[in-house]
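Open the model in your viewer and switch to a cartoon view with side chains available on demand. The tour below moves from one selection to the next.

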Amino acid sequence: QVQLVESGGGLVQAGGSLRLSCAASGRTFSIYAMGWFRQAPGKEHEFVAAISRIAGRTRYADSMKDRFTISRDNAKNTVYLQMNSLKPEDTAVYYCAADRKLNNEDNFKIRDEYDYWGQGTQVTVSS
């Protein structure tokens, strides 16, 4: 079992920045890929970004790749999402996800590929 705990969400004005963190505990040695998804009210889960464990390969949703940056600190078993130039449409609950088998970068954006999920952290961007 792996436990994921997100933090760093909150209320920010449009144009501002936030950094989300996701700390992993448990059998962290077997985690391969980690990702961020979000869900806005009344909408489906949406892929945000993902990063592999070893080489740090990253993938982003097209609409966020110029504003968001995913990174990880394997020594701390933590993945980060730096979000800049936030917009009201970025308002959502942001979820951290992890999977030990996920290797194909093309599948990083597929929600069902991840076995472990955090509880989410709310991000609210005011206009």
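Start with S3 and S8: this antiparallel pair is held by 6 bridges. The model is a predicted one, so read each stop as a feature of a prediction.

**Stop 1: the four-stranded sheet**

Select Leu-20. Across from Leu-20, in S8, stands Leu-81. Now widen the selection to the sheet around them. It is an open sheet of 4 strands, ordered S1-S3-S8-S7, and the pairing is antiparallel. Color S1 (2–7) and S7 (68–73) next. These two strands form the edges, and each has a single partner strand, so one side of each has no neighbour in the sheet. Look along the sheet for its twist: on average, neighbouring strands are turned by 15 degrees against each other, direction ignored. As background, strands of a sheet pair through backbone hydrogen bonds, either parallel or antiparallel.

**Stop 2: the disulfide**

Select Cys-22 and Cys-96. A disulfide joins them, with 2.0 Å from S to S. How many disulfides does the model contain? The count is 1. Trace the chain from each end of this bond. Cys-22 sits in strand S3 (residues 18–26) and Cys-96 in strand S9 (residues 92–99), so the bond ties together parts 74 residues apart in sequence. Are the two cysteines buried or exposed? Both Cys-22 and Cys-96 are buried. Zoom in on the sulfurs and check the torsion. About the S-S bond it is about -80 degrees, so this disulfide is left-handed.

**Stop 3: Asp-90**

Move to Asp-90, in the loop between strand S8 (78–83) and S9. Is this loop residue buried or exposed? Asp-90 has 1% relative accessibility, so it counts as buried; the cut-off for buried is under 20%. Show the side chain of Arg-67 as well. A polar contact of 2.7 Å links the side chains of Arg-67 and Asp-90. Then display the rest of the surroundings. Leaving out residues up to four places away in sequence, Asp-90 touches Arg-38, Arg-67, Phe-68, Ser-85, Val-123 and Val-125.

**Stop 4: strand S5 and its partners**

Select S5, residues 46–51. Most of this strand is covered, with 5 of its 6 residues buried. Add S4 (residues 33–39). S4 and S5 pair in the antiparallel sense over 5 bridges. One pair to pick out is Gly-35 with its bridge partner in S5, Ala-50. Follow the hairpin of S4 and S5 through the 6 residues between the strands; there Gly-42 takes a positive phi near 75 degrees.

Now add S6 (residues 58–60). S5 and S6 run antiparallel and are joined by 3 bridges. Their hairpin also has 6 residues between the strands, and in it Gly-56 takes a positive phi near 70 degrees.

**Stop 5: Ile-51**

Finish on Ile-51, in strand S5. Its bridge partner in S6 is Thr-58. Ile-51 has 4% relative accessibility, so it counts as buried. What surrounds Ile-51? Beyond residues up to four places away in sequence, Ile-51 touches a set that includes Tyr-32, Ala-33 and Met-34. Also among its contacts are Ile-70, Ser-71, Arg-72, Val-79 and Phe-108. Gly-56, the positive-phi residue of the hairpin of S5 and S6, is another residue that Ile-51 touches. For a last distance, select the C-alpha atoms of Ile-51 and Gly-26: they are 19 Å apart, with these positions 25 residues apart along the chain.

How values were computed. Residues are numbered from 1 along each chain as its sequence is written. This is a predicted model: local features need pLDDT of at least 70, side-chain atom pairs count only at pLDDT 80 or more; totals for chains, interfaces and linings use all residues. Side-chain values use heavy atoms; hydrogens and water are left out. A disulfide is a pair of cysteine sulfur atoms within 2.5 Å. Buried means under 20% relative accessible area, exposed over 50%, partly exposed in between (1.4 Å probe, protein chains only). A polar contact is a pair of N or O atoms within 3.5 Å; within protein, one must be able to donate a hydrogen and the other to accept it, and residues adjacent in sequence count only if both atoms are side-chain atoms. Contact means heavy atoms within 4.5 Å. Two strands pair if DSSP finds at least two bridges between them. Axes are lines fitted to C-alpha atoms, for helices over the stretch in contact, and angles run from 0 to 180 degrees between N-to-C directions.
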